[in-house]
Amino acid sequence: MIEQLRAIVGPAHVLTDPDVTASYERDWTGRFGGRAAAVVRPANTDEVAAVLRACHEAGHAVVPQGGNTGLVGGGVPRQGEVVLSLRRLDAMEPVDTVAAQVTVGAGVTLAAVQQHVRARGFDVGVDFAARDSATIGGLVATNAGGERVLRYGMTRASVVGIEAVLADGSVVSRMHGLPKDNVGYDLASLVVGSEGTLAVVTRVRLRLVPLLTERVTALLAVDSTAAALALLAHLRACLSTLECAEVFYAAGVDLVCAATGRPHPFGTNHTHPAYVLIECAARHDPSDELMAALATVPDQAGVRDSAIAVAGPAREALWAYREHHTEAINRAGVPLKLDVAVPLAVFAAFEAELRATVAEVAPDAELHLFGHLNEGNLHVNILAAGDRAEALTEAVLTLTAGRGGSISAEHGVGVAKARWLPLCRGAADVAAMTSVKRALDPGGILNPGVLFA
Ligand SMILES: Cc1cc2nc3c(=O)[nH]c(=O)nc-3n(C[C@H](O)[C@H](O)[C@H](O)COP(=O)(O)OP(=O)(O)OC[C@H]3O[C@@H](n4cnc5c(N)ncnc54)[C@H](O)[C@@H]3O)c2cc1C
């Protein structure tokens, strides 16, 4: 089969040397990975289709991979699969300024698309810290969220067309970008969030948003999560330009400051219990609107201190406290990472319960929480989990599901949470999902072990 793959993509693009394949075989967290039979790097849709046809006929499993920034072990091999790297599918068509859409290859990074469309006065609704490596195919496969979900929704809301290759090599495509198109099942929407288990995404047509050039960022220190929520409620009601509302806590800020050498926010050596980072964006300076909103913050929002930045470098300095969390935590050890969301009505109580649960299950573990406040989404990072990782996962996910939440808010299920899928999806749901999987991938070659345990 390797010879067949070489004939399809050229010998230079079938990698088997362990020194070369190593970076494709381990995930970003360092927790997941295994050996690949080969890493195959097709250049276009036809080559992807031919590779899948060959693997389908040979009954060989395939793991699609983009930028390998996924955090649930879904994009790396586990036991001798072929890794199908999509990074060479990096073509970008000109921006369609009339429709406010663009078509790009699945292997283009988010940062490259941003640069491409910003030059024409547009922007991509989705944004997050892994933008320089994460690919559009990966964003679609995981239905990535990020920092602007509050305003623009998840990746699904930005997708108006998808071209994808099914397990048997057939190509499905709906790329005209029609805002109104009710002819049959919406296959594009089905593929979004399917984590490489139903099809390999090769091209994507994205809906664009206006490039908002004027931004103001504020970092606010608050008493607690309940205070953060009171602040959010106030800001959401009176800010038409609100784009992001992030939350993080004292321990994370300490870690970021230690890892990056940055001073603590507000010129103090101590940290506050919780922090809310907000950003407003508009075509005209949104500072006045933000200042007016902050001037009327209610008492229960418990704001202890605040810093506001308008200039680019000053805004980046505030964002750094949030965006360096993942890196700083990874530098301190290999974390157990869970990504959960609960309804905002129970968010504050849930945060306290979560801390108590982790302390009870693994008293020596170190818990770091940060996330997207508006969506009740916490990234749960646990260092020094040791042999309690499984017990902690079980306890945290069970607690989340019990509060009406999601055990995977934005990173996907991957292999990391496949065992716990039934916590959030009923038997009929799982049966329907399994039927779809069997219909589109009868040989089960696409990403086995991901989503379904
Ligand atoms: C520092 C950091 C910050 C992050 N912040 C966020 C965040 O705020 N929000 C968020 O949602 N995620 C976040 N992530 C997670 C990650 O970046 C996203 O899941 C991203 O969408 C993955 O893109 P990728 O190209 O790296 O995909 P990969 O990691 O390569 O793959 C991820 C999954 O998608 C599948 N896949 C990849 N490409 C394709 C394709 N073309 N066709 C079919 N399946 C495919 C893989 O099989 C795998 O299951 C963050 C990660 C890091 C490291």
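How far does a polar side-chain atom of N447 lie from an oxygen atom of the ligand? In this predicted model, the separation is 3.0 Å. That contact is a friendly place to begin a tour of the ligand and its surroundings, before turning to two pairs of packed helices.

N447 has company in reaching the ligand through polar atoms. The side chain of T135 places an N or O atom 2.6 Å from an oxygen atom of the ligand. G66 takes part through its backbone, where a polar atom is 2.7 Å from a ligand oxygen. With these contacts in view, the overall cover can be considered: the ligand on its own would expose 980 Å², and 96% of that area is buried by the protein.

The shell that provides this cover consists of 35 residues. T135 and G66 are again found among the closest, together with P64, T69 and G70. Sorted by class, the shell holds 19 polar, 14 nonpolar and 2 charged residues. Several elements of secondary structure contribute to the shell, with at least two residues coming from each of strand β3 (62-65), helix α5 (136-142) and strand β9 (200-210). Of the contributors, α5 gives the most, supplying 5 residues.

Helix packing offers a second view of the model. Helix α1, spanning residues 2-9, and helix α3, spanning residues 45-58, have axes that come within 9 Å of each other and cross at roughly 170°. An angle over 145 degrees counts as roughly antiparallel, and α1 and α3 are therefore roughly antiparallel to each other. On the α1 side, the contact is made by Q4, L5, I8 and V9, which meet E47, A50, V51, A54 and C55 of α3. This contact contains 7 nonpolar residues, along with 1 polar and 1 charged residue.

Another pair of helices meets in another orientation. The axes of α10 (residues 250-260) and α13 (residues 325-332) also approach within 9 Å, with a crossing angle of roughly 75°. This angle makes α10 roughly perpendicular to α13. From α10, the residues involved are G252, V253, L255, V256 and A259. Their partners in α13 are H325, A328, I329, R331 and A332. By class, the contact between α10 and α13 comprises 7 nonpolar, 2 polar and 1 charged residues.

Technical notes: Residues are numbered from 1 along each chain as its sequence is written. This is a predicted model: local features need pLDDT of at least 70, side-chain atom pairs count only at pLDDT 80 or more; totals for chains, interfaces and linings use all residues. Side-chain values use heavy atoms; hydrogens and water are left out. Axes are lines fitted to C-alpha atoms, for helices over the stretch in contact, and angles run from 0 to 180 degrees between N-to-C directions. Helices (H or I, at least four residues) and strands (E, at least two) are DSSP runs, numbered from the N terminus. Angles under 35 degrees count as roughly parallel, over 145 as roughly antiparallel, 65 to 115 as roughly perpendicular and the rest as oblique. Contact means heavy atoms within 4.5 Å. Ala, Val, Leu, Ile, Met, Phe, Trp, Tyr, Cys and Pro count as nonpolar, Asp, Glu, Lys and Arg as charged, and the others, Gly among them, as polar. A residue is near a molecule or strand if one of its heavy atoms lies within 4 Å of it. A polar contact is a pair of N or O atoms within 3.5 Å; within protein, one must be able to donate a hydrogen and the other to accept it, and residues adjacent in sequence count only if both atoms are side-chain atoms. Accessible areas come from the Shrake-Rupley method with a 1.4 Å probe; for residues, only the protein chains shown count as cover.
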